[in-house]
Amino acid sequence: MRSLHRTLQIHDPVLLRDISLVCAAGGVVGVSFGAISVAGGLPVWVPVVMSLVVYAGAAQFSAVGILLAGGGPLAAAATGLLLNTRNAAFSLAVADVLGPGRLARFVGAHLVTDETAAFALAQRDPERRRVAFWVSGLGLFTVWNVCVLAGALAGTALGDTATYGLDAAFPAVLAALALPALRDRPPVRRAALLGAAVALAATAVTPTGVPVLLALAGLAVWRAS
């Protein structure tokens, strides 16, 4: 934990700016998730505990959607697990940045998301990867949970935040983070294009979340290059 403390003290204005933007976008989505859950009839503690324990936006939205549609908890949990299988690939990709020690690996594993993996893998230097992962991971986890609580407490007062177009903020910021890697690394660009094509083709014929999993097929091109 001492090495983690030293890591978090490293100052990088550009990195902190980018992380702040993603945290802001994640906060908007978190408020939406909390509000939608409570407005649909779930008690406040459900989205709050789910955010602390599960901590996976897409899986949480899908699970709550199933519960609100009348589905059972087993179906909701199975859907969440299916959507989160992509984190296995992310975990392998960032395993070397978590640092030594069981506690660091345990906490780090819980913080692995699309965003923390994107921040870490966008850095070329190993120390910068570690900084990017931990700062973004702890920042996003804190902002997400605080905003989910705020949205849940607000309940129906906010209404459907999708009507304001705020649901597009998170994927837009994430796409912006990925652009530098796509521009500078041709193998990554080819893999991303293949993955995007597969996901686009599967969108009309597969359930929500499955196209993202199928997009991992692009990794075959990346490994072959």
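**View 1. Q60 in helix α4 of the predicted model.** Q60 is found in helix α4, and the structure shown here is a predicted model. With a relative accessibility of 0%, Q60 counts as buried, because buried means under 20%. Leaving out residues up to four places away in sequence, Q60 touches F33, P47, M50, S51, V54, Y55 and W144. Some of these residues return in the views of aromatic rings below.

**View 2. The ring pair of F33 and W144.** By the rule used for ring pairs, the count comes to four aromatic pairs. In one of them, the rings of F33 and W144 have their centres 6.2 Å apart and their planes at 25°, so the pair is stacked. F33 lies in helix α2, and W144 lies in helix α9 (residues 126-154), so the pair ties together parts that are 111 residues apart in sequence. Both F33 and W144 are buried. Ring pairs also join F33 and W144 with F61, and these three residues form a cluster. F33 and W144 are, in addition, among the residues that Q60 touches.

**View 3. The ring pair of Y55 and F141.** Which arrangement do the rings of Y55 and F141 take, with 80° between their planes? The pair is edge-to-face, and the distance is 4.9 Å centre to centre. Y55 sits in the loop between α3 (45-53) and α4 (57-68), whereas F141 is in helix α9. The two residues are 86 residues apart, so this pair links distant parts of the chain. Are Y55 and F141 buried or partly exposed? Y55 is buried, with a relative accessible area of 8%. F141 has a relative accessible area of 21% and is therefore partly exposed, as buried means under 20%. Y55 is also one of the residues touched by Q60.

**View 4. Helix α2 and the residue G41.** Helix α2 covers residues 13-39, which makes 27 residues. At 1.5 Å a residue, a helix of this length should span 39 Å. The C-alpha atoms at the ends of α2 are 39 Å apart, which agrees with that expected span. Just after α2 comes G41, which takes a positive phi of about 120°.

**View 5. A nonpolar patch on the surface.** W45, V49, L52, V53 and V54 make a nonpolar surface patch of about 480 Å². L52, one of these residues, is found in helix α3. The relative accessibility of L52 is 43%, so L52 counts as partly exposed. V54, another residue of the patch, is among the contacts of Q60.

**View 6. R130 and the salt bridge to E127.** How many salt bridges does a search of the whole structure find? The search finds two. In one of them, R130 pairs with E127, and the closest N and O atoms are 3.2 Å apart. Both residues lie in helix α9, three residues apart, which is about one turn of the helix. An α-helix has 3.6 residues a turn, so residues three or four places apart point the same way. R130 is partly exposed, with 21% relative accessibility. E127 is partly exposed too, with a relative accessible area of 32%. The C-alpha atom of R130 is separated by 8.5 Å from that of D96, a residue 34 residues away along the chain.

**View 7. The salt bridge of R17 and D18.** R17 forms a salt bridge with D18, and the closest N and O atoms are 3.0 Å apart. Side chains of opposite charge can pair when their charged atoms come close. R17 has a relative accessible area of 47% and is partly exposed.

**View 8. The chain as a whole.** The secondary structure comes to 13 helices and zero strands. Of the 225 residues in the chain, 36% are buried. Among contacts between residues at least 6 apart in sequence, 72% join residues at least 24 apart. The accessible surface of the chain comes to about 12,100 Å², and 71% of this surface belongs to carbon and sulfur atoms.

Definitions and conventions: Residues numbered from 1 in each chain as written. Predicted model: local features only at pLDDT ≥ 70, side-chain atom pairs only at ≥ 80, totals over all residues. Heavy atoms only, no water. Helix = DSSP H or I, 4+ residues; strand = E, 2+ residues; numbered from the N terminus. Expected span 1.5 Å × (residues − 1). Phe/Tyr/Trp six-rings, centres within 6.5 Å; stacked < 30°, edge-to-face > 60°. Buried < 20%, exposed > 50% of the residue type's maximum accessible area, 1.4 Å probe, protein only. Contact = heavy atoms within 4.5 Å. Patch = residues over 30% accessible without salt bridge, like charges linked within 9 Å, V, L, I, M, F, W, Y side chains within 5 Å. Areas by Shrake-Rupley, 256 points an atom, 1.4 Å probe, with all protein chains shown as cover. Salt bridge = Lys/Arg side-chain N within 4 Å of Asp/Glu carboxyl O.
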